[in-house]
Amino acid sequence: MGFRFQALISCFLQVLLLLLSLEQARAGQFYNVTRLTRGRKQASDCNLFKGKWVIDPSYPLYDSSCPYIDPEFNCQKYGRPDKQYLKYAWKPDSCDLPRFDGMGFLRRWRGKKIMFVGDSLSLNMFESLSCMIYASVPSAKYNSVMSKESVTFPEYGVSLLLHRTPYLVDIVKEDVGRVLNLDSIQGGNSWKGMDMLIFNSWHWWTHTGDSQPWDYIRDGSNLYKDMDRLTAFNKGLNTWASWVDQNVDPTQTKVFFQGISPTHYQGQEWNQPKNTCSGEVEPLSGSTYPAGPPPATAVVNNVLSKIKKPVYLLDITTLSQLRKDAHPSAYSGEHPGNDCSHWCLPGLPDTWNQLLYTALSLQTLQRGNRGNKKLVANIYCSIHYVTVIILVAHFFHMNTT
């Protein structure tokens with residue numbers, strides 16, 4: 001009995017050592033998260049999208065020489081005289097965003113394919129992320145397709161892809177002409193097999209006249225010359241939501257919706273009725289936009305509230321509304337006139353990608369915490385079981401000596 005008792009004690013000590021090792025690992029994980037956020041408050045309990053813009057001398061994250069910037073976004077190259085707009089960083093009210101780590105991003109997404117799907121605002125964000133990685137890891141080799149729809153970092157096997165489809169649903173040729181089919185999403189075949197999808201749509205739904213790329217709208221068997229654009233957007237976005245529910249495996253693919261990117265053509269929205277984005281050199285102060293959110297945000301929120309598969313909303317609308325200073329306006333190489341729709345690069349879309357990076361980091365932390373909690377609970381149960389056995393063995397050992 002003495003030998004058995006000693007063996008049980010040895011087993012008990014081994015379990016204790018295992019528990020201590022686990023606790024050290026958990027402490028190390030939280031240390032890494034703390035290091036990621038540079039010793040600041042963790043963002044897991046923070047609304048990342050409520051805050052204000054502050055000056056950060058370390059910005060921008062890259063410069064206008066980045067080879068991925070299209071002329072339409074390259075404001076410095078095309079003569080924008082001011083540079084203060086480059087120095088603003090987004091500061092959530094109750095936390096700090098982690099600094100973008102391009103090397104960490106490439107390592108985490110090694111061998112993965114990331115696709116931006118949508119209109120020219122998706123192009124804005126796609127080129128921004130490409131430049132952020134390029135500047136953060138200057139030694140990394142890269143390949144890019146001349147059409148600017150693919151950037152690959154071959155050492156890591158990471159591919160950034162762009163699929164231009166401004167409505168998400170299809171425009172098809174019929175006998176009557178070009179038809180925007182609110183029920184068809186054959187373009188979704190190109191989205192399959194991706195490890196991350198970042199969707200965006202809205203701006204083209206408002207286009208009319210010569211800039212409208214369709215002649216009719218089809219809703220089921222009904223054909224319309226036109227339709228209320230918010231109603232059409234809602235129908236089209238519900239078709240997209242059905243595609244996500246039917247085709248996305250959440251264990252294989254992360255899905256984000258980019259949110260509604262605002263325009264700044266109407267100065268009355270920020271209580272300056274004679275203004276547009278032209279000549280604006282600083283953001284609005286505070287954390288609210290006088291005109292409130294555009295109506296399309298309600299459509300997005302409603303559709304996402306009903307979708308069955310997990311989709312993370314990058315709620316960029318309000319923080320972008322505050323940046324009336326961040327558009328190309330007249331300083332665009334390929335967009336004549338006053339562009340108050342797109343955004344300068346470097347510039348605001350870098351914050352969108354920083355928020356994407358933060359959201360991905362928090363999802364990893366939450367999964368790790370859930371796994372650790374389950375493992376700790378199992379070990380505590382094991383310790384309890386071993387302790388009971390030891391006490392029983394000790395009782396019999398004392399009675400037989």
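Two residues are in contact here when heavy atoms of theirs lie within 4.5 Å, and in this predicted model residues 24 or more positions apart account for 79% of the contacts in the protein with a separation of 6 or more. The protein has 401 residues, of which 49% count as buried, and its secondary structure comprises 7 helices and 13 strands. About 19200 Å² of the protein is exposed, with carbon and sulfur atoms supplying 53% of that area.

A convenient place to enter the structure is strand β12, which spans residues 254-257. In a regular strand the side chains alternate between the two faces of the sheet. In β12, Lys254 and Phe256 are on one side and Val255 and Phe257 on the other, and as all four of these residues are buried, both faces of the strand are covered. Strand β12 has partners that can be followed through one residue, Phe257. Strand β9, residues 196-199, runs parallel to β12 and is joined to it by 4 bridges, with phenylalanine 199 having phenylalanine 257 as its bridge partner. Strand β13, residues 312-313, is also parallel to β12 and is joined to it by 2 bridges, and here phenylalanine 257 stands opposite leucine 313.

From β12 the path to β13 can be traced by way of helix α5, residues 296-306, and these three elements make a right-handed β-α-β unit. Which residues of α5 are buried? They are Ala296, Thr297, Val299, Val300, Val303 and Leu304, and they are on the same side of α5 because they cover an arc of only 155 degrees around the axis. This fits the general geometry of such a helix: with 3.6 residues a turn, residues three or four places apart point the same way. The cover over the buried residues of α5 includes both strands of the unit, β12 and β13, together with helices α4 (229-247) and α6 (317-321).

The loop between β12 and α5 also holds one end of a covalent link, since cysteine 277 lies there while cysteine 340 lies in the loop between α6 and α7 (348-399), so the pair ties together parts that are 63 residues apart in sequence. The sulfur atoms of cysteine 277 and cysteine 340 are 2.0 Å apart and form a disulfide, which is left-handed, with -85 degrees about the S-S bond. Cysteine 277 is buried, with a relative accessible area of 3%, and cysteine 340 is buried too, at 0% relative accessibility.

This link is one of 4 disulfides. Another joins cysteine 46 to cysteine 95, with an S to S distance of 2.2 Å; cysteine 46 lies in the loop between α1 (2-36) and β1 (51-55) and cysteine 95 in the loop between β2 (88-92) and α2 (102-108), 49 residues apart. Its S-S torsion is about -70 degrees, so this disulfide is left-handed. Cysteine 46 is buried at a relative accessible area of 12%, and cysteine 95 is buried at 3%.

A further disulfide is formed by cysteine 66 and cysteine 131, whose sulfur atoms are 2.0 Å apart; cysteine 66 is in the loop between β1 and β2 and cysteine 131 in helix α3 (residues 120-136), 65 residues away. The torsion about this S-S bond is about -95 degrees, so the link is left-handed. Cysteine 66 counts as buried at 5% relative accessibility, as does cysteine 131 at 0%. With bonded cysteines counted along the chain, the disulfides of the protein follow the pattern 1-4, 2-5, 3-8, 6-7.

Key: Residues numbered from 1 in each chain as written. Predicted model: local features only at pLDDT ≥ 70, side-chain atom pairs only at ≥ 80, totals over all residues. Heavy atoms only, no water. Buried < 20%, exposed > 50% of the residue type's maximum accessible area, 1.4 Å probe, protein only. Pairing = 2+ DSSP bridges. Right-handed = clockwise from strand over helix to strand, strands pointing away. Areas by Shrake-Rupley, 256 points an atom, 1.4 Å probe, with all protein chains shown as cover. Arc of directions from axis to C-beta. Disulfide = S-S within 2.5 Å.
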